[in-house]
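User: Got a minute to go through this one with me? I'd like to start with the ligand.

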Amino acid sequence: MMSKKLSFSLFSLLLVAVMILSACGTAATPVPATKAASSQVEIFSWWVGPGEADGLAAMIKIFDAKYPQYTIVNAAVAGGAGTNAKAVLATRLQAGDPPDSWQAHAGQETIANYVTAGQVKPLDDFYNSTGFASVLPKTLIPLISKDGHPYSVPVNIHRSNVMWYNPKVLSAAGVTIPTGGFASWTDFFAACDKIKAAGKTCLSLGPEGFTAMHLFENVMIGTIGADKWTGLWTTPPTTDWTGADVQAGIANYAQVLTYTNSDASTLSDWQPASKMVADGDAAFNIMGDWAYGYFANAAPNGLALTPHTDFDWTPTPGTQGIFVFLSDSFVLPVGNKNPDGTMAWLTVAASKEGQEAFNPLKGSICARTDCDPSKFSEYSQDAMKDWTSETVVGSLTHGVVAAPAWQTKIDTALKLFLTDTSKTADFQTALAAACKSDGTCK
Ligand code: GAL
């Protein structure tokens with residue numbers, strides 16, 4: 001029999017151990033007790049929701065098979081386009097607690113943010129030893145590089161300017177999409193009038209978090225065209241933020257909002273808005289091609305819908321021949337716990353096998369140029385062709401064209417505009433001011 005004193009100290013020890021364990025137990029994936037702490041590789045992203053998680057899970061599976069000495073801690077934070085994840089990451093970086101790698105958009109989000117702040121390391125050795133640059137599109141490399149040094153590993157190319165639709169809702173309302181898509185927003189509005197008359201929402205929209213800006217960039221590009229869109233982001237801009245082009249884009253945006261669901265702000269994320277199309281409550285939804293994964297993937301993460309019958313797609317109005325792109329990539333942090341584990345993760349993220357597992361489920365195409373098209377859906381095979389044949393422009397919402405601080409100012413102006421869409425002139429003034437505050441506009 002144990003003495004009272006001994007059993008009390010054992011109990012106290014147990015209590016302390018339980019307290020320590022529960023304080024550490026915030027990771028999304030429990031780490032088996034048999035692995036040492038240095039074997040953990042914490043991967044931070046926002047791929048947790050329906051249609052988002054499948055691709056990441058497939059890449060983690062490959063990692064697990066190749067690197068059994070490591071355990072991935074999946075630190076994904078829910079919220080489309082990183083609405084919540086980016087804030088959590090910023091807090092962690094400020095506290096000197098970086099994950100072992102995190103999701104970062106190619107373009108200004110990576111360069112003007114993480115690279116400029118000195119939060120990530122250059123990957124010259126990795127690129128040199130693997131020859132990774134030789135299988136990447138030449139246009140992508142400058143978007144992840146500073147002073148000739150690459151800073152991240154792109155895993156995919158997503159398209160922002162896709163309009164998903166329910167063919168049954170369209171045919172019931174007598175709407176036919178012209179070959180190649182609606183040539184203009186005006187044509188689209190005429191179709192919306194018919195859909196409205198048939199008692200359906202024309203265009204479903206999600207909450208303000210990012211879906212309103214996602215719609216805004218598509219309306220602006222479809223109104224002013226690829227060159228003028230790109231001209232908004234050059235230094236100095238060659239497209240006047242105070243001019244008639246931007247004014248016309250804002251007017252179209254105000255009009256398109258009149259065709260959206262009134263409960264947009266109450267939806268939890270982009271998926272419920274896309275689901276309105278799947279359920280036949282709305283005719284159209286504008287969302288990046290991660291929505292393809294949501295529509296087509298097997299349950300429980302996907303809706304397991306049949307392309308062309310249950311859902312279909314067309315370029316957003318006015319953007320035929322334009323590919324609005326974004327690219328997800330992963331970084332090597334400064335001061336993380338497991339740099340070797342990070343390199344193992346980046347090796348999988350860069351590999352043909354990793355990208356061929358991840359992208360077909362994610363709705364994106366490989367960042368690599370040598371993936372096997374037969375592993376992809378018909379939608380993605382078309383996207384592969386369009387990526388190399390169409391005019392490519394960068395997404396604002398998903399980190400390509402504007403520094404995060406500038407994007408935040410645009411977001412603030414946009415949210416204010418959504419409270420009163422008659423204030424088009426004020427919105428344009430605020431957009432011009434945002435450009436000035438970035439220093440791009442004089
Ligand atoms: C984008 C990201 C995509 C997808 C989407 C919706 O910013 O690049 O991979 O996750 O957000 O959450």
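Analyst: Sure, we can take the ligand and then the disulfides. Heads-up: this is a predicted model, where local features need pLDDT of at least 70, side-chain atom pairs count only at pLDDT 80 or more, and totals for chains, interfaces and linings use all residues. Residues are numbered from 1 along each chain as its sequence is written, and side-chain values use heavy atoms, with hydrogens and water left out.

User: OK, how many residues surround the ligand?

Analyst: 13, counting a residue if one of its heavy atoms lies within 4 Å of the ligand. The closest are Glu 52, His 105, Asp 328, Lys 362 and His 398.

User: Which domains does that shell draw on?

Analyst: At least three residues come from each of domain 1 (39-157 + 328-388) and domain 2 (162-324 + 398-438), with bounds from an automatic or database domain assignment.

User: How far is the Glu 52 side chain from a ligand oxygen?

Analyst: A polar side-chain atom of Glu 52 is 2.4 Å from a ligand oxygen. For His 105, a side-chain N or O atom is 2.7 Å from an oxygen of the ligand.

User: Switching topic: how many disulfides are there?

Analyst: Three, taking a disulfide as a pair of cysteine sulfur atoms within 2.5 Å. One of them joins Cys 192 and Cys 202, with the sulfurs 2.1 Å apart.

User: Is the Cys 192 and Cys 202 disulfide left-handed or right-handed?

Analyst: Left-handed, because the torsion about its S-S bond is about -70°.

Note on methods:
Polar contact = N/O pair within 3.5 Å; in protein donor to acceptor, adjacent residues only side chain to side chain.
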